[in-house]
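Please look at the sequence and the 3D structure below. The paragraphs after them go through the strands, the rings and the cysteines in turn.

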Amino acid sequence: MANNKIEIWKDLPGYEGIYKISNLGNVKSLARIIKREKVGDFNRKERILNQYIISAGYYCIKIVNNQKSEHFRIHRLIALLFIPNPENKPEVNHINGIRTDNCIENLEWVNERENCCHGNNTKNKSSEFVGVSFCKQTGKWKATIMFKKQSKTLGRFDSEVEAYNSRVSFENTNNITNKYI
């Protein structure tokens, strides 16, 4: 990654002394001696691991230790080690909506609802409001919301603002807070 920030390295939890990740999103395997019974020991040189993009659009790495492999999403590792999470939120959001932009300033801890709403807000859409879209078939604005883990249609409206107000009213009535509105 080309930028002029100072790279800070931290041990990967569970792999201390074996793998480290940096605040810039690089992951390295540390120099060490690997013991193998059948073919003998060998010296592993320190190296930066190759990253790959999974079908969901996120950078990942594969960690191998004791002939076991695990796959990790880079943005989650960066958040885990470099971004405070005082509210213990479970998900990591890319603020600008670009899943490959893992700079610390672009990542934040969110809950499932915030992540879902933010994702809807950053996609190509017909409305400037979260949960509001234009329905070409009816020629009306539709308001929807995720409620109790199900998508709920709040109605179809003549104007975008009416649809938005319906959504806000539903959120107020049901004590739903949404930082992306």
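**A walk through the predicted model**

In strand S11, residues 107-110, Leu107 and Trp109 point one way while Glu108 and Val110 point the other way, and all are buried. In a regular strand, side chains alternate between the two faces of the sheet. The model shown here is predicted.

Strand S11 has a partner. Strand S10 (residues 91-94) is joined to S11 by 4 bridges, and the two run antiparallel. Strands in a sheet pair through backbone hydrogen bonds, and the sense can be parallel or antiparallel. One example can be found from the S10 side: His94 has Leu107, in S11, as its bridge partner.

Before S10 comes a loop, which starts after helix H1, and Asn88 is placed in this loop. The phi angle of Asn88 is near 55 degrees, which is a positive value in a residue other than glycine. Is Asn88 buried or exposed? Its relative accessible area is 65%, so Asn88 is exposed.

Another pair of strands is S8 and S9. Strand S8 covers residues 59-65, and 6 bridges join S8 to S9 in an antiparallel arrangement. Val64 has Ser69 in S9 as its bridge partner. S8 and S9 form a hairpin with 2 residues between the strands, and in this hairpin Asn66 takes a positive phi near 55 degrees.

Next, turn to the open sheet. It is formed by 4 strands in the order S1-S2-S3-S6, with antiparallel pairing. Which strands are at its edges? They are S1 and strand S6 (47-48), each of which pairs on one side only. Between S1 and S2 there are 3 bridges, again in the antiparallel sense. Asp11, for instance, has Lys20 in S2 as its bridge partner. Helix H1, made of residues 74-82, lies across S1, S2 and strand S3 (27-29), and runs at about 85 degrees to S2.

The loop that follows S6 leads to strand S7 (52-53), and Leu49 is found in this loop. The relative accessibility of Leu49 is 8%, so this residue counts as buried. What is Leu49 in contact with, leaving aside its neighbours within four places in sequence? The residues are Tyr19, Val27, Lys28, Ser29, Ile61, Lys62 and Ile63. For Lys28, the separation can be given in two ways: Leu49 and Lys28 are 21 residues apart in sequence, and 5.4 Å apart in space from C-alpha to C-alpha.

Now consider the aromatic rings. A pair of aromatic rings is described by the distance of the centres and the angle of the planes. The structure holds 2 aromatic pairs. In one of them, the rings of Tyr15 and Tyr19 have centres 5.8 Å apart and planes at 80 degrees, so this pair is edge-to-face. Tyr15 and Tyr19 are both buried. Tyr15 also forms an aromatic pair with Phe72, edge-to-face as well, with 6.1 Å from centre to centre and 85 degrees between the planes. Tyr15 lies in the loop between strand S1 (9-11) and strand S2 (19-22), whereas Phe72 lies in strand S9 (residues 68-73), so the pair ties together parts that are 57 residues apart in sequence. Tyr15 and Phe72 are both buried. Taken together, Tyr15, Tyr19 and Phe72 form one aromatic cluster.

Charged side chains also meet rings in this model. The charged end of Arg32 sits over the ring of Tyr19, at 5.4 Å from its centre. Lys28 lies over the face of Trp9, 4.2 Å from the ring centre.

Last come the cysteines. A disulfide is a covalent bond between the sulfur atoms of two cysteines. How many disulfides does a search of the whole structure find? The search finds 0. Cys60 is in no disulfide, and the nearest cysteine sulfur, that of Cys103, is 18 Å away. From the other side, the sulfur of Cys103 has its closest cysteine sulfur in Cys60, and at 18 Å this is too far for a bond, because a disulfide needs the two sulfur atoms within 2.5 Å. The two cysteines can also be described by their accessibility. Cys60 has a relative accessibility of 3%, so it counts as buried. Cys103 has a relative accessibility of 31%, so it counts as partly exposed.

Conventions. Residues numbered from 1 in each chain as written. Predicted model: local features only at pLDDT ≥ 70, side-chain atom pairs only at ≥ 80, totals over all residues. Heavy atoms only, no water. Phe/Tyr/Trp six-rings, centres within 6.5 Å; stacked < 30°, edge-to-face > 60°. Buried < 20%, exposed > 50% of the residue type's maximum accessible area, 1.4 Å probe, protein only. Lys NZ or Arg CZ within 6 Å of the ring centre and 35° of its normal. Pairing = 2+ DSSP bridges. Contact = heavy atoms within 4.5 Å. Axes fitted to C-alpha atoms, helices over the stretch in contact; angles between N-to-C directions.
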